[in-house]
Amino acid sequence: MSKYTQDKNYIYYKNTNVPINKLNIRDLKTLEEEERKLLLEGYKYFHENLTDSTAFDEIYFKELQRKTFHKLYDFAGKYRTVNISKGFSTFCQVRFLEQTSREIFKKFAYENYLKDYSTKPKEEFANKIAYYMCEIIALHPFFELNGRTTRLFFDLIATYNGYEYIDYQGALETEDGDNKFIKASIDCMIGNDSQMNQIILNGLKRSE
Ligand SMILES: Nc1ncnc2c1ncn2[C@@H]1O[C@H](COP(=O)(O)OP(=O)(O)O)[C@@H](O)[C@H]1O
Ligand SMILES: [Mg+2]
């Protein structure tokens, strides 16, 4: 079978939405708990290993997911080989994925990976983060864990510049099922990053 005609559900156990995992956990709640633990460890590891010479490039971005989740998933850190949609949104076609990603990260490198924002106005930093976050959201490069990996990436860039991790407080799913981050992501698909900008601006706080 060509990799472009793979069943898009093949990373899940048959007839479920549970991703095939190395611990063979079949219960979504248990799996989410495991993911939560690994994500926390990932934050700790990458935070401790930030240095002046850290380049927030494509290799680093993939490595965030690989190192954080490889104990659980074979797909961790690898770009997807299947087309994916969520709701009415269809993310970047697989055949354009590598190239589009390279373009985004090339532009990002040209901006020195947003490493020079510690002394600039917060609004400018929020604008830039929102722009690139939207680009990566529309790319949706991984099979799974895109949201968490993308937020981890920008959280590390935020701390690099003397900010706390971005506080998404009411923006991620709330009690009543509202999810501002998803709404903002839907706008990202048409290149409108103003809702995302608002979320980032609200969530950026300088470290003491
Ligand atoms: N309908 C949608 N339109 C555009 N983007 C969406 C939509 N639904 C979800 N997303 C994006 O996809 C992300 C979730 O992708 P996923 O790979 O499942 O990551 P995670 O498991 O970490 O949440 C969300 O954080 C959001 O950015
Ligand atoms: Mg998910």
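Colleague: By class, how many nonpolar, polar and charged residues does the shell around ligand 1 have?

Modeller: The model is a predicted one, and within it the shell around ligand 1 can be sorted by residue class. Charged residues number three and polar residues five, while the nonpolar residues come to six.

Colleague: Which residues come nearest to ligand 1?

Modeller: The surroundings of ligand 1 comprise 14 residues, to which helix H5 (146–160) and helix H6 (180–188) each supply at least two. Those that come nearest among the 14 are Gly 87, Ser 89, Asn 146, Gly 147 and Ser 185.

Colleague: Which element gives the largest share of the shell around ligand 1?

Modeller: Both H5 and H6 contribute at least two residues to this shell. The largest share amounts to four residues, and the element that provides it is H6.

Colleague: How are H6 and helix H7 oriented to each other, roughly parallel or oblique?

Modeller: The axes of H6 and helix H7 (residues 194–203) cross at roughly 140° and come within 7 Å. Angles over 145 degrees would count as roughly antiparallel, and the two helices are therefore classed as oblique.

Colleague: Which residues of H7 make the contact with H6?

Modeller: On the H6 side the contact involves Lys 180, Phe 181, Lys 183, Ala 184, Asp 187 and Cys 188. By class, the residues of the contact of H6 with H7 divide into five nonpolar, one polar and three charged. The partners contributed by H7 are Gln 195, Met 196 and Ile 199.

Colleague: How is H1 placed against H5, roughly parallel or oblique?

Modeller: The axes of H1 and H5 lie 11 Å apart, and the two helices pack at an angle of about 30°. Because angles under 35 degrees count as roughly parallel, the description of H1 relative to H5 is roughly parallel.

Colleague: Which residues of H5 make the contact with H1?

Modeller: The crossing of H1 and H5 is right-handed, and H1 brings Leu 39, Gly 42, Tyr 43, Phe 46 and His 47 to the contact. The residues of this contact divide into five nonpolar, three polar and one charged. From H5 the contributors are Arg 148, Leu 152, Leu 156 and Thr 159.

Colleague: How is H1 placed against H2, roughly perpendicular or oblique?

Modeller: Helix H1 (residues 28–48) packs against helix H2 (residues 58–69) at an angle of about 125°, with axes 9 Å apart. The range for roughly perpendicular runs from 65 to 115 degrees, so the arrangement of H1 to H2 is oblique.

Colleague: Which residues of H2 does H1 meet?

Modeller: The crossing of H1 and H2 is right-handed, and on the H1 side Leu 38, Leu 39, Gly 42, Tyr 45 and Phe 46 take part in the contact. The residues of the contact divide into six nonpolar, two polar and one charged. In H2 they meet Leu 64, Lys 67, Thr 68 and Phe 69.

Colleague: What radius of gyration does the chain have?

Modeller: The chain contains seven helices and two strands, in the order α-α-β-β-α-α-α-α-α along the sequence. Its C-alpha atoms fill a box of roughly 50 × 40 × 30 Å along the principal axes. With 208 residues, a compact globule would be expected near 17 Å, and the chain agrees with that, having a radius of gyration of 17 Å.

Methods
Residues numbered from 1 in each chain as written. Chains lettered and ligands numbered in written order. Predicted model: local features only at pLDDT ≥ 70, side-chain atom pairs only at ≥ 80, totals over all residues. Axes fitted to C-alpha atoms, helices over the stretch in contact; angles between N-to-C directions. Left-handed = near helix turned anticlockwise from the far one by under 90°. Contact = placed C-beta atoms within 7 Å. Nonpolar A, V, L, I, M, F, W, Y, C, P; charged D, E, K, R; others polar. Near = placed C-beta within 6 Å. Rg over C-alpha atoms; globule rule 2.2 N^0.38 Å.
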